[in-house]
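Trainee: I should like to work through this model with you, one question at a time. Could we begin once it is on display?

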Amino acid sequence: MSKLSEMKCEACQADAPKVSDSELAELIRMIPDWGVEVRDGVMQLERVYKFKNFKLAMVFTNELAELAEAEFHHPGILTEWGKVTVTWWSHSIKGLHKNDFIMAAKTDQLLG
Ligand SMILES: C[C@H](O)[C@H](O)[C@H]1CNC2=NC(N)=NC(=O)C2=N1
């Protein structure tokens with residue numbers, strides 16, 4: 001399997017399958033800094049990025065927004081002084097799709 005960060009998101013239809021337990025186990029190992037959360041029954045990927053101040057947190061936030069628009073797949077973002085919490089899941093299937101793992105890997109690439 002090629003690197004997740006080099007893959008492109010596929011159009012995720014409402015009837016697209018969620019990742020299976022075995023796919024989840026394989027994919028989560030490829031993004032070791034990310035955790036899995038379940039909120040209102042929706043499985044999500046989440047990572048907290050730390051920054052020196054609010055301005056740098058906002059720079060990262062805006063870069064992430066550009067990435068999301070380019071892939072037309074959008075995260076939850078909480079931007080605070082010195083940190084940004086990024087949450088990926090697929091709204092259309094109310095859970096995790098391979099797209100979310102691809103976008104988590106692409107998010108890590110923003111750090112250079
Ligand atoms: C309304 C719009 O079509 C949807 O939000 C698109 C675009 N961005 C998206 N982002 C995410 N994370 N999941 C989706 O299902 C999704 N679908």
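Trainee: How far apart are the end C-alpha atoms of helix 2?

Mentor: Please bear in mind that this is a predicted model. Helix 2 has 18 residues, and at 1.5 Å a residue these should span 26 Å. The value computed from the model agrees with that expectation, because the end C-alpha atoms of helix 2 are separated by 26 Å.

Trainee: Which residue just after helix 2 takes a positive phi?

Mentor: Helix 2 covers residues 54–71. Just after helix 2, phi is positive, at about 50 degrees, in Phe 72.

Trainee: How many nonpolar, polar and charged residues make up the shell around the ligand?

Mentor: Phe 72 belongs to the surroundings of the ligand, together with Cys 12, His 73, His 74, Ser 90, His 91 and Ser 92. Sorted by character, the residues of this shell are 2 nonpolar, 5 polar and no charged.

Trainee: How many bridges join strand 1 to strand 2, and which residue stands opposite Val 36?

Mentor: Strand 1 comprises residues 35–39, and strand 2 comprises residues 42–50. The two strands run antiparallel and are joined by 5 bridges. Opposite Val 36, in strand 2, stands Leu 45.

Trainee: Which residue in the turn of the hairpin of strand 1 and strand 2 has a positive phi, and is this residue buried or exposed?

Mentor: The hairpin leaves 2 residues between its strands, and Asp 40 in the turn has a positive phi of about 50 degrees. Asp 40 is not a glycine. Because 6 other C-beta atoms lie within 10 Å, and 12 or fewer is the cut-off, Asp 40 is classed as exposed.

Trainee: Is Arg 39 buried or exposed?

Mentor: Arg 39 has its place in strand 1. Its C-alpha atom is separated by 29 Å from that of Asn 53, 14 residues apart along the chain. Arg 39 has 11 C-beta neighbours inside 10 Å, and therefore counts as exposed.

Trainee: How many bridges pair strand 2 with strand 4, and what is the bridge partner of Lys 50?

Mentor: Strand 2 and strand 4 pair in the antiparallel sense, over 6 bridges. In strand 4, the bridge partner of Lys 50 is Lys 83.

Trainee: Which residue stands opposite Lys 83 in the pairing of strand 3 and strand 4?

Mentor: Strand 3, residues 76–80, runs antiparallel to strand 4, and 5 bridges join them. In the hairpin of these strands there are 2 residues between them, and Gly 82 takes a positive phi near 80 degrees. The residue opposite Lys 83 is Glu 80.

Trainee: Which element gives the most residues to the largest nonpolar core?

Mentor: The largest nonpolar core has 17 residues, and those with the most contacts inside it are Leu 45, Val 86, Trp 88, Phe 101 and Ala 104. Two or more residues come from each of strand 2, helix 2, strand 4 and helix 3. With 4 residues, the element that gives the most is helix 3.

Trainee: Against which elements do the buried residues of helix 3 pack?

Mentor: The buried residues of helix 3 include Phe 101, Ile 102, Met 103 and Ala 104. Leaving aside neighbours within four places in sequence, Ala 104 is in contact with Ile 31, Trp 34, Leu 45 and Trp 88. As elements, the buried residues of helix 3 pack against helix 1, strand 2, helix 2 and strand 4.

Trainee: Why does Leu 45 count as buried, and what separates its C-alpha atom from that of Phe 101?

Mentor: Leu 45 is found in strand 2. Leu 45 counts as buried because it has 23 C-beta neighbours inside 10 Å, where 20 or more are required. Beyond four places in sequence, its contacts include Val 36, Leu 96 and Asp 100. Leu 45 and Phe 101 are 56 residues apart along the chain, and the separation of their C-alpha atoms is 7.8 Å.

Trainee: Is Lys 94 exposed or partly exposed?

Mentor: Lys 94 lies in the loop between strand 4 and helix 3. Its phi is positive, near 50 degrees, in a residue other than glycine. Since Lys 94 has 13 C-beta neighbours inside 10 Å, it counts as partly exposed.

Notes. Residues numbered from 1 in each chain as written. Predicted model: local features only at pLDDT ≥ 70, side-chain atom pairs only at ≥ 80, totals over all residues. Core = buried A, V, L, I, M, F, W, Y, C linked by C-beta atoms within 7 Å. Contact = placed C-beta atoms within 7 Å. Near = placed C-beta within 6 Å. Nonpolar A, V, L, I, M, F, W, Y, C, P; charged D, E, K, R; others polar. Pairing = 2+ DSSP bridges. Expected span 1.5 Å × (residues − 1).
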